[in-house]
Amino acid sequence: DTARIDISIDTQRPGAVLNKNIYGQFMEHLGRGIYEGVWVGKDSPIPNKNGYRLDVLQALIDLKVPLLRWPGGCFADEYHWRDGIGPRNERPRTVNSNWGGVIEDNAFGTHEFFEFAELVGAQTYINGNLGTGSPKEMVEWLHYMTSDADTTVVRERKKNGRERPFKVDYFAVGNESWGCGGNMTPDYYADLYKQYTTFLKAPENNQPKFIASGGTDVQTNWTQTLAEKIKRSGNVRMDAISHHYYTLPTGDWETKGSATGYPEEQWFSTLQQTLRMETFITDNVAILDELDPEQEIGFYVDEWGTWYDVDKGTNPGFLYQQNTIRDAIVAGLNIHIFNRYAKRVQMTNIAQMVNVLQAMILTDKEKMLLTPTYYAFKMHIPFQDATYLPVNLSDTPLYQHGDDAIPALSVSAAKALNGDIYISLINTQVDNAVEVALPQVSQVKGKLLNSRDMDGHNTFDHPDNIHPTDYTATEVNGSTVISIPAKSLMVLNLGQL
Ligand code: AHR
C-alpha cells in the first residue's frame, strides 16, 4: 500500500512545445508492415481505397498520426527509388535481403507512400539510401519529389500521375550506418554525410529537415563526432541527429523474452530497460548542449519500442509480436521522457506502425485489431503541439522487485492548444494502486487504460479485451483524490487552471 502523493502542476513555468511529431510512426518494407498491413492493392477482396485497406486507414486517421517515416530502417539502405515508380506491373522484382529474403514487387513506392500520407493527414519522413546508393541517385530522388522545375526527372513524375511536388518534411541520409547501413565509423559517415548533403537541393518552399544517422543505446560517440565534424564544416545542413533504442525484456538479443505469458520479473525488467531511454537522451543532449549551445541540432529518436521474440510459427524475419498492457505502459513511459526533453527531442518514431514490433495495429487477412499501444497513443493526442508543464510530486513512490526498484508513478502534464491542462499518469506496479491528490483542480475527466492480467491483450477473436474507459472524478474536501489502479495509464483533462 502506498501513501497519498500530492501533485502540483506549475502553470507559471511552461517548458518547450511538445512537437506533435514526437508521436510519429514508422513504416518499413518489413514483414506485413506495408504489404497486407497498409497496402492490399485495388483488386483485393479486403475493402480498400486505391489499394490502401480502409479499416487501417480509418484507425490511423482517428489516431491523428502526425508523421510517417518510410521506407526503412535497414531496408532504406538497399532501396532504389526508381524500382518503385511507373506502371506497377512493370516494376522490378527484388529481394528484401534484410527481412526474410522475400520478394519485393515494389507495388508500394514513392507515389503510393505520399498518397497514403496525404490520406492519413501526416507529415512525411523519407530515409535516403546511403549504403548502396550514390549521390546522384539520392539527389535525383529529392529532386523528383520536391521540384517544380521543367526537368526530365520532374516530367517523369508528372507522367507518373503527380503534377504538384510532394511535400518532404524530413530527409535522412542513411540509417544505422554503424550496422546494417554500412558498418561505418562515425568519422567516415560524417564525411559521407557532408559529401551527399552538399548536393541535396530542394526548392526554398519545400525544404526538408536533414537528419544525420546517429548512434544506438548507450552510444554518444556518434553524436559527438557528427556535432563536431558537421556543425563546424559550415556549408552543409544537419537539422538533427537520430538515435535508436529498443527495449528488450532480458536485454539480450539472443533470447529477448516473450510478448505474452511472461513472469513479473520480465514485466519489471522491461519497464526498467525502457527507462534507460532517459539516460541515453541526457547523455547525448549534454554533448549537444556543449557543441551546439544555439540549439540548432535536434535529437530525434527515430526508432524505439519493444522488441520481443517473434510470435511462434511466424517468419522470424517479419518481427511480428503481440502487444499487451505492458507495451502501453512502455509507450507511456517513453512519451513522458520525450516530453521532458522536448527542446531537443522534437521528433520520434515508434517501431513500427502495423504488424511489426510494437505495433499500433495488427491484421490477419481481413481482420484487424487495435493494440494497447494504439490506445496509449490515442489518449495522448491532446499532448500534440501542447506546451510542457513541470509537475511536482510530494513523494516518489517506488516499485520494488527483488533488489531493484523503479518509480511506481510517472507523470507528465501539458497545456493543450485549446488552453486545457492535461495530465498523464502511469502506475507501473503489478499489484498496488497509487493514490494521488490534485489540489488545484475542480474538473477531472478522461480515460483509463488498464488490465486485470499482466499480459492483457487483444486478439482477433476478442479485439476489445483492452480498451480505454471513461474516468471522471469530483472534488472532495477541496482536493481531488484519484486512485490509479495497478498496471494502468490515465490521461485526464483538468480544464483550465
Ligand atoms: O525496426 C526494425 C529495424 O531495427 C530497422 O530496420 C533497423 O533500423 C533497426 O535495426
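Here are some short exercises with worked solutions on this structure, which is a predicted model.

**Exercise 1. Find the two domains and describe how they meet.**

Start with the domain assignment: domain 1 covers 5-10 + 389-493, and domain 2 covers 20-384. Next, look at the spacing: the centres of the two domains, taken over C-alpha atoms, are separated by 29 Å. Now turn to the contact, to which domain 1 gives 29 residues and domain 2 gives 33 residues. On the side of domain 1 that touches domain 2, at least two residues come from each of S19, strand S20 (409-415), strand S21 (421-427), strand S23 (444-450) and strand S26 (488-493). Finally, sort the residues on that side of domain 1 by class: 14 are nonpolar, 11 polar and four charged.

**Exercise 2. Trace the sheet of six strands, and say which strands stand at its edges.**

Follow the order first: S16-S20-S21-S26-S23-S24, an open sheet with antiparallel pairing. Then look at the two ends of that order. Strand S16 (387-389) and strand S24 (469-473) each have a single partner strand, so these are the edges, and one side of each has no neighbour in the sheet. On average, neighbouring strands here are turned by 25 degrees against each other, direction ignored.

Zoom in on one pair: S21 and S26 run antiparallel and are joined by six bridges. Within this pair, Ile423 has Leu492 in S26 as its bridge partner. Now add the helices. Helix H9 (residues 325-340) packs on the sheet and touches S16, S20, S21, S23 and S26, with a direction at about 55 degrees to that of S20. Helix H10 (residues 372-379) lies across S23 and S26 and runs at about 165 degrees to S23.

**Exercise 3. Do the same for the sheet of four strands.**

The order is S17-S1-S22-S25, the sheet is open, and the pairing is mixed. Strand S17 (391-393) and strand S25 (480-484) are the edges: each has a single partner strand, so one side of each is left without a neighbour in the sheet. Neighbouring strands are turned by 30 degrees against each other on average, direction ignored. For a detail, take strand S1 (residues 5-9), which runs antiparallel to S17 and is joined to S17 by three bridges. In this pairing, Ile7 stands opposite Leu393 in S17.

**Exercise 4. Which residue takes a positive phi in the hairpin of S18 and S19?**

Begin with the strands: S18 (residues 398-401) and S19 (residues 404-407) run antiparallel, joined by four bridges. One facing pair is Gln400 and Ala405, the latter in S19. Two residues lie between the strands, and Gly402 is the residue whose phi is positive, near 60 degrees.

**Exercise 5. Is Thr146 buried or exposed?**

Locate Thr146 in helix H3 (residues 135-146). Then count: 24 other C-beta atoms lie within 10 Å of Thr146. The cut-off for buried is 20 or more, so Thr146 is buried. Leaving aside neighbours within four places in sequence, its contacts are Pro165, Phe166, Val168, Ala202, Pro203 and Asn206. Thr146 and Gln207 are 61 residues apart in sequence, yet 8.2 Å apart in space, C-alpha to C-alpha.

**Exercise 6. Which residues surround the ligand, and how do they divide by class?**

List the shell: Glu28, Gly72, Gly73, Cys74, Asn175, Glu176, Glu303, Ala351, Gln352 and Leu357. Then sort by class, which gives three nonpolar, four polar and three charged residues.

How values were computed:
Residues numbered from 1 in each chain as written. Predicted model: local features only at pLDDT ≥ 70, side-chain atom pairs only at ≥ 80, totals over all residues. Pairing = 2+ DSSP bridges. Axes fitted to C-alpha atoms, helices over the stretch in contact; angles between N-to-C directions. Near = placed C-beta within 6 Å. Nonpolar A, V, L, I, M, F, W, Y, C, P; charged D, E, K, R; others polar. Buried ≥ 20, exposed ≤ 12 C-beta atoms within 10 Å, placed from the backbone. Contact = placed C-beta atoms within 7 Å. Domains from an automatic or database assignment.
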